[in-house]
Amino acid sequence: MENNKSYEQLLSENLELRYQLEEANDTINAIRTGQVDALVIQDGEGHQLYTLKTADQTYRVFIEKMSEGAVTVGRDNMILYSNSSFAKLVNLPLEKVIGMAFDEFIAPESKDRFTQLIERSWTEDSKEEIVMDGPYTNRNTHCLISCNTLEMDEGTALSLIITDLTRQKETESQLQTRNEQLADARNATERLNDELEATVVERTKELTVSREHFRLLADNIPQMTWTNLPNGEVNFYNERWYTYTGLTYEQTKEWGWKAVVHPDDMDITFSKYNTALQTGNIFEAENRYRKADGSYRWHLNRAVPLRDENGEILFWVGTATDIEEQKREMDKKDEFIGIASHELKTPLTSLKGYLQLISSYKKEEVPPMVKNYIGKANLSINKLQSLVNDLLDVSKIQAGRLEYSMERIDIAQLIAACVENGQHMYPDYIFQNNASQSYIVNANAERIEQVIMNLINNSVKYSREDKNLIISTQQVDNTVRISVTDFGIGLSDEQINRIFERFYRVEDKKFMASGLGMGLYISAEIIKNHHGIIGVYSTPGKGATFYFDLPLV
C-alpha cells in the first residue's frame with residue numbers, strides 16, 4: 001500500500017525534484033561563469049565535482065579570456081578544465097575537450113619529453129617545447145607548455161599554460177634564412193670590394209694616362225677646347241684658349257667665359273648653351289670671342305656630352321673653331337647674291353614679257369612648234385625667277401630687310417588656297433586637307449603662304465613614288481601647328497639637324513633633286529620673325545613631317 005501514493009504526495013515530490021533541478025542548473029551555470037570555483041568532470045563513474053582551495057573569480061575570468069591555452073589535469077593526465085583558447089587550438093568543442101586525456105594531443109616524437117615534463121612538474125615548476133598533433137588537427141603545432149601545481153579540495157592538480165609558437169617558429173625560420181642571405185651577401189660584398197679595389201688601382205693608372213693623352217691632344221689642335229660639368233661650369237681649357245684670350249684659368253673658370261663673348265652674341269649663345277644642358281642635345285652656336293688685343297673673331301662652338309653606362313651625363317667636351325674667314329667669304333657671297341639677283345630680275349621680267357607678246361601675236365598664226373617652245377621657255381623662266389626671288393629673300397634676310405606687314409588671317413582659308421595651288425601645280429599628287437578648323441593668327445599672309453608652298457614643294461620633290469600628301473592643323477598650347485606630311489625618302493638624324501641651314505641640300509645616292517637649298521632656310525627665318533618655331537620629324541625610307549607653330553590671337 002506504500003507504493004500507492006496519493007496525488008498530493010506525488011505533486012509534493014514533483015515540486016521538490018523541480019527545485020533540486022533548478023538548483024543544480026544554477027550551480028552548473030555559476031561554475032561555468034566563474035561565480036563558483038569548482039570543476040565538474042564526467043568520467044566512467046559519472047559526474048565528479050572538484051572545488052578549488054584558493055580561487056579568485058577575477059583570475060578565473062582572465063584565464064578564460066587569455067589567448068594562450070589554459071588546462072588543468074589530474075595525475076592520470078585527464079583534463080579537468082580547459083579554456084576556449086585551448087579548445088580552438090586542438091580544433092574541438094570545449095565540452096568535448098574536458099574529460100579527455102591530454103596525451104591524445106601530443107605528437108609521437110614529443111610523447112617521451114611530455115611524460116618527463118609532467119613527472120618533473122609534480123615536484124617543481126617546469127616548461128618544455130612540445131609538438132602537438134592530435135587526431136583532430138591537420139598540422140603539427142610547436143607549443144611551449146608551462147606547468148605548475150594547483151591545490152584543489154580533492155587533491156593536487158597540474159595547471160598547464162600552452163603557448164602557440166607557430167608565428168615565433170616562422171619568424172625564427174625567416175630570420176635564419178635572412179641571416180644566411182646576409183652572410184652570403186657579406187661574403188659577396190667582400191669579394192666585390194677586393195675586385196673593386198684592384199679595378200680602381202688599374203683604372204687610376206689608365207685614367208692618368210688617358211688624361212695626359214687628352215691634354216696633349218687638346219693642346220695641339222687648332223681649335224680652342226674646353227670641358228664643362230653637367231651644371232654648365234667650365235673646368236678645363238686648352239692652351240690655345242689662354243693664348244687667344246690672354247686670360248688665366250682663374251679669370252675664365254666656371255662661368256668666366258661669358259666676359260669674352262661679344263655683347264651682341266651673348267643672349268643667343270647663353271640660350272642655346274642652357275637648352276643643351278637641359279636637354280642633353282649637342283650644343284652648337286656661332287659667336288664672336290674677344291682676343292687678347294681687344295678685337296673679335298667669329299667662332300663656331302660645338303659641344304657633345306659624355307655619358308656613363310646609365311645614360312647620365314658625366315661632362316661635356318666642346319670646341320670653338322675660328323670661322324672669321326668663312327664669315328667674310330659668306331658676306332662677300334651674300335653681297336654678290338644681292339647684286340646678281342637684282343641684275344637678273346630685270347632681264348628676266350623683260351624676257352617673260354616678250355614671250356607673252358609672241359604667244360599672243362594675232363596678225364599671223366604662230367606655228368604649234370613655236371608655241372610649244374614658248375611654253376617650255378616660260379616654265380624655265382618661272383623656275384629661274386623662283387630661284388632669283390629666293391636669292392633676293394636670302395639677301396634681304398642677311399641684311400635684316402625682309403619686310404612683314406602683319407594682319408589677322410585665318411589659317412584654314414590660307415591652307416585651302418595653298419592646297420588648290422598645289423593641285424594645279426602637281427596634278428599627279430593626291431592632297432589630303434585635314435585643316436578645316438579655323439585658327440586666327442597675326443601674320444603676313446604672303447610670307448606664310450610662301451612657307452606652306454615651300455613645304456609642299458619640298459615634299460613633292462622628295463616623294464616621287466608615293467604621291468600622297470597630308471596637310472594638317474592642330475592646337476598645341478597657345479599656338480596652331482601647321483604640318484605637311486609626305487611618304488618619301490625621309491631624313492636621317494644628321495640631315496634633320498642641318499635641314500634648315502642655308503644652301504643645305506639633302507643628298508641621296510639613289511635620288512637627286514634640283515634647287516639651291518634655300519627654301520627651308522628662308523621658311524625658318526620667316527617663322528622665326530613671326531615668333532614661331534619650325535621643325536621636322538622623320539624616319540628614313542618612310543617619309544617626313546615638316547611643321548611650324550604660330551601664336552594664336
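User: What makes the pairing in the open sheet of order 9-8-12-11-10 antiparallel, and which strands are at its edges?

Analyst: In this predicted model, five strands line up in the order 9-8-12-11-10 as an open sheet, and their pairing is antiparallel. Strand 9 (234-237) and strand 10 (283-290) each have a single partner strand, so one side of each is left without a neighbour in the sheet and they count as the edges. Neighbouring strands here are turned by 25° against each other on average, direction ignored.

User: How do you know that strand 10 and strand 11 pair?

Analyst: Pairing needs at least two bridges, and eight bridges join strand 10 to strand 11 (residues 296-307), which run antiparallel. One pair to look up is A285, whose bridge partner in strand 11 is N301.

User: Which strands does helix 9 touch as it packs on that sheet?

Analyst: Helix 9 (residues 263-279) touches strand 8 (224-228), strand 9, strand 10, strand 11 and strand 12 (313-322). Its direction makes about 150° with that of strand 10.

User: Why are helix 12 and helix 13 called oblique to each other?

Analyst: Helix 12 (residues 411-425) and helix 13 (residues 445-461) pack at an angle of about 45°, with their axes 10 Å apart. Angles under 35 degrees would count as roughly parallel, and 65 to 115 as roughly perpendicular. The angle of this pair falls in neither range, and the two helices are therefore oblique. The crossing of helix 12 past helix 13 is right-handed.

User: Which residues make that contact, and how do they divide by character?

Analyst: From helix 12 come L414, I415, C418, N421, G422 and M425, and they meet A445, I448, E449, I452, M453, I456 and N457 of helix 13. Those residues divide into nine nonpolar, three polar and one charged.

User: At what angle do helix 13 and helix 15 cross, and is the crossing left-handed or right-handed?

Analyst: Helix 13 crosses helix 15 (residues 519-529) at roughly 145°, and their axes come within 9 Å. This crossing is left-handed. On the helix 13 side the contact uses R447, I448, Q450, V451, N454, L455 and N458, and on the helix 15 side G519, L520, I522, S523, I526 and I527. By character they are seven nonpolar, five polar and one charged.

User: What makes strand 14 and strand 18 edge strands?

Analyst: They belong to an open sheet of five strands in the order 14-16-17-19-18, where the pairing is mixed. Strand 14 (430-434) and strand 18 (533-539) each pair on one side only, and that makes them the edges. Between neighbouring strands of this sheet the average turn is 15°, direction ignored.

User: How do you know that strand 18 pairs with strand 19?

Analyst: The requirement is at least two bridges, and strand 18 and strand 19 (residues 543-551) have seven, in the antiparallel sense. T539, for example, has G543 of strand 19 as its bridge partner.

User: What makes K169 and E172 a salt bridge?

Analyst: The cut-off is 4 Å from a side-chain nitrogen of Lys or Arg to a carboxyl oxygen of Asp or Glu. The side chains of K169 and E172 meet at 3.8 Å, N to O, which satisfies that limit. The two are three residues apart in helix 6 (residues 166-218), so about one helical turn separates them. The structure holds 15 salt bridges.

Terms used: Residues are numbered from 1 along each chain as its sequence is written. This is a predicted model: local features need pLDDT of at least 70, side-chain atom pairs count only at pLDDT 80 or more; totals for chains, interfaces and linings use all residues. Side-chain values use heavy atoms; hydrogens and water are left out. Axes are lines fitted to C-alpha atoms, for helices over the stretch in contact, and angles run from 0 to 180 degrees between N-to-C directions. Helices (H or I, at least four residues) and strands (E, at least two) are DSSP runs, numbered from the N terminus. Angles under 35 degrees count as roughly parallel, over 145 as roughly antiparallel, 65 to 115 as roughly perpendicular and the rest as oblique. A crossing is left-handed if the near helix is turned anticlockwise from the far one by less than a right angle, and right-handed if clockwise. Contact means heavy atoms within 4.5 Å. Ala, Val, Leu, Ile, Met, Phe, Trp, Tyr, Cys and Pro count as nonpolar, Asp, Glu, Lys and Arg as charged, and the others, Gly among them, as polar.
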